[in-house]
Amino acid sequence: MDKVIEINGLTKLYKNARGITDLSLDVERGEIFGLLGPNGSGKTTTMKVMTGLMKPNAGTVKLFGHDIHIDFEKAMVRTGAIVESPEHYLYMTAIDNLRQTARYYPDINNSRIDEVLELCGLIQFKNEKVKGFSLGMKQRLGIAMAIVHKPELIILDEPLNGLDVEGMIYVRNMLKHLAEQDKVTVFLSSHLIHDVELTCTRVGIVLQGKLRAVESMSDILKSFDSLENYFVNEVEKNAAI
Amino acid sequence: MQPFKVAFVNEIERMLKRKKAVVVLVLAFATIIIQQLGVAGINMGLGLRAASSANFPLLSLELMCLLILPLFTTLVVIDTFSSEFNNNTIKISYLKPVTRFKLFIAKILAYVSFVGMILVVVLILSLIVGLIFNPTVMSLNDIIKILVAYIITIIPFTVLILFIAMMGQYIKSPVGLFFLCLLMYIVLTGVAIILPSLKNMVFIFNLNWYSIFTNTPISISRLINVTCQLLGYGAIFFAAAFHSFEKRE
């Protein structure tokens, strides 16, 4: 198996002493890896460092073997990401927002852009300015921008935020399809534990900035009734330390 | 090269989509017409020649450099560059496969191109209007002088763009930044009345540095002084702005 994400001894601390400490993790091609943890545990910080939005105090992140802070362009060219929340140019239309992204990658024509808009259920709104979009529509557009260039790695921070039930099921199935059929690697964080259970093949638990456990979903479900029980068990175990 | 080119094209597209840039171009157009009406009024009413066809483009450039272009450049750079930090849309660019250095250069170059675009529009318009309303023969020397004046005007405005880009890294509110720039300009202008030597030290008073070239004979010492001053300010603003742009999390 080839490693798509290699995180080694990653430390990023804020002035308030929160952040992440000595986080190490590998994710292999075709996996859907879920990062779970309470608010403020360091999930978004991890993703920000992974995508070059932040520089770590120590440690390295490699995407496709390229250090994100040394070889940024090569590390990111096969990656699509939403970190914290999807951002858009509100004064531009959905299709113009997608074109701004698409230009960075070769061979993305208008039919691919339409295809992605269709996939994300936004084709009928493609010429509307994003400022009139609902939260769910903005989330869908964010996902469209993350996948328009057919990335081999998708990093998604709370991808289901703002989506209706239909949208959640759709995104879940799309990610599973991409991972199974196209061997796309997905790295996501979500507080919707049931959806993580249904989507991910492996999960990591981050508590107080430290990666406490990494398990495959099948192993977790052999020992626990649900991912939620496993998560609660890990939190209690950590509290006892 | 490709990511840089894309970043540049994206910047230009976003600038034009915001409409403010288009409004600025229209206002530049309107200014030339109003200015020409003023010149025509003086010609007819007082029987004086306010500007010949060769002078009119330089007269237009003077007005542009002293008032309109600094104001509009500040507005457009704040509106696009600074507001990206305010509303966090800078994250869109930061997540694309382009290094921050290339992204920063692409942004600055896009604003420089914008100023260049306005200058081209003003040059063409003022030439046409000047020739129609003040018909005198223009020598090759006049044409070269006008072209040089318009081309080199880009340099002090690049320094201004870098200055606003630097300020935008430290002041989050676009409105606050605009008023701070305005206040600084008013205060500096006021102080310069009391201390005229300030004009030799602050770049903002040399936005019309082309006049060094158009005045004959060319003052070499002033040319060296102002050129070094602009380069110095440019280097400082570039370093400060990029340092902050690169470190931003």
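Trainee: Is B:R18 buried, partly exposed or exposed?

Mentor: In this predicted model, B:R18 counts as partly exposed, because its relative accessibility is 24%, which lies above the 20% under which a residue is called buried.

Trainee: Which side chain does B:R18 meet in a salt bridge?

Mentor: The partner is B:D79, and the N to O distance in that salt bridge is 2.9 Å. B:D79 sits in helix α3 of chain B while B:R18 sits in the loop between α1 and α2 (20–46) of chain B, so the pair ties together parts of the chain that are 61 residues apart in sequence. With a relative accessibility of 12%, B:D79 counts as buried.

Trainee: Which residues do salt bridges with shared partners join into one network?

Mentor: That network is made up of A:D2, A:R29, A:R78 and A:E152.

Trainee: Where does A:E152 sit, and what does A:E152 touch?

Mentor: A:E152 is placed in the loop between α5 (135–147) and β7 (153–157) of chain A. Leaving aside residues up to four places away in sequence, A:E152 touches A:R29, A:F64, A:R78, A:K183, A:V184 and A:T185, so two members of the network, A:R29 and A:R78, appear among those contacts. At 26% relative accessibility, A:E152 counts as partly exposed.

Trainee: Back to helix α3 of chain B: where does α3(B) bend?

Mentor: The helix, residues 56–86, bends by about 55° at B:C65. Of the 31 residues of α3(B), 23 are buried, so the helix is largely enclosed by the rest of the structure. Just after α3(B) comes B:N88, which takes a positive phi of about 70°.

Trainee: Which residues does A:E87 touch?

Mentor: Not counting residues up to four places away in sequence, A:E87 touches A:M145 as well as B:N87, B:N88, B:T89, B:K91 and B:I92. B:N88, with the positive phi of about 70°, is therefore one of the contacts of A:E87.

Trainee: And where is A:E87 found, and is A:E87 buried or exposed?

Mentor: A:E87 is found in the loop between β6 (79–82) and α3 (94–102) of chain A, and at a relative accessible area of 19% A:E87 is buried, because the cut-off is under 20%. Its side chain also makes a polar contact with the side chain of A:S85, at 3.3 Å.

Trainee: Which residue of chain B forms a salt bridge with A:E87?

Mentor: B:K91 does, with the closest N and O atoms 3.8 Å apart, a distance that falls within the 4 Å limit for a salt bridge.

Trainee: How many salt bridges are there between chain B and chain A, and how many over all chains?

Mentor: Seven salt bridges are counted between chain B and chain A, and the structure holds 26 over all chains. Another pair is A:K12 with B:E249, whose side chains meet at 2.9 Å, N to O. This pair crosses between chains, from strand β1 (residues 3–13) of chain A, where A:K12 lies, to the segment after α10 (220–247) of chain B, where B:E249 lies. A:K12 counts as buried at 7% relative accessibility, whereas B:E249, at 48%, counts as partly exposed.

Trainee: What about A:E31: which residue is its salt-bridge partner?

Mentor: A:E31 pairs with A:R202, the closest N and O atoms being 2.5 Å apart. The pair links distant parts of the chain, 171 residues apart, with A:E31 in the loop between β2 (19–28) and β3 (32–36) of chain A and A:R202 in strand β9 (residues 202–207) of chain A. Both A:E31 and A:R202 are buried.

Trainee: Now the interface: how much area is buried between chain B and chain A?

Mentor: About 2700 Å² is buried, and carbon and sulfur atoms give 55% of that. B:L95, B:P97 and B:E249 supply 25% of the area that chain B buries against chain A, more than any other three residues. In residue terms, 30 from chain B and 27 from chain A take part in the contact.

Trainee: How many residue pairs are in polar contact there, and which elements of chain B touch chain A?

Mentor: Across the interface 16 residue pairs are in polar contact, counting pairs with both residues at pLDDT 80 or more. The elements of chain B that give two or more residues to the side touching chain A are α1 (2–17), α4 (90–94) and α5 (100–133), and α1(B) gives the most, with nine residues. By class, that side of chain B has ten nonpolar, seven polar and 13 charged residues.

How values were computed. Residues are numbered from 1 along each chain as its sequence is written. Chains are lettered from A and ligands numbered from 1 in the order in which they are written. Side-chain values use heavy atoms; hydrogens and water are left out. Contact means heavy atoms within 4.5 Å. Buried area is the accessible area (1.4 Å probe) that two parts lose on being put together, summed over both. A polar contact is a pair of N or O atoms within 3.5 Å; within protein, one must be able to donate a hydrogen and the other to accept it, and residues adjacent in sequence count only if both atoms are side-chain atoms. Helices (H or I, at least four residues) and strands (E, at least two) are DSSP runs, numbered from the N terminus. Ala, Val, Leu, Ile, Met, Phe, Trp, Tyr, Cys and Pro count as nonpolar, Asp, Glu, Lys and Arg as charged, and the others, Gly among them, as polar. The bend at a residue is the angle between axes fitted to the seven residues ending there and the seven starting there. Buried means under 20% relative accessible area, exposed over 50%, partly exposed in between (1.4 Å probe, protein chains only).
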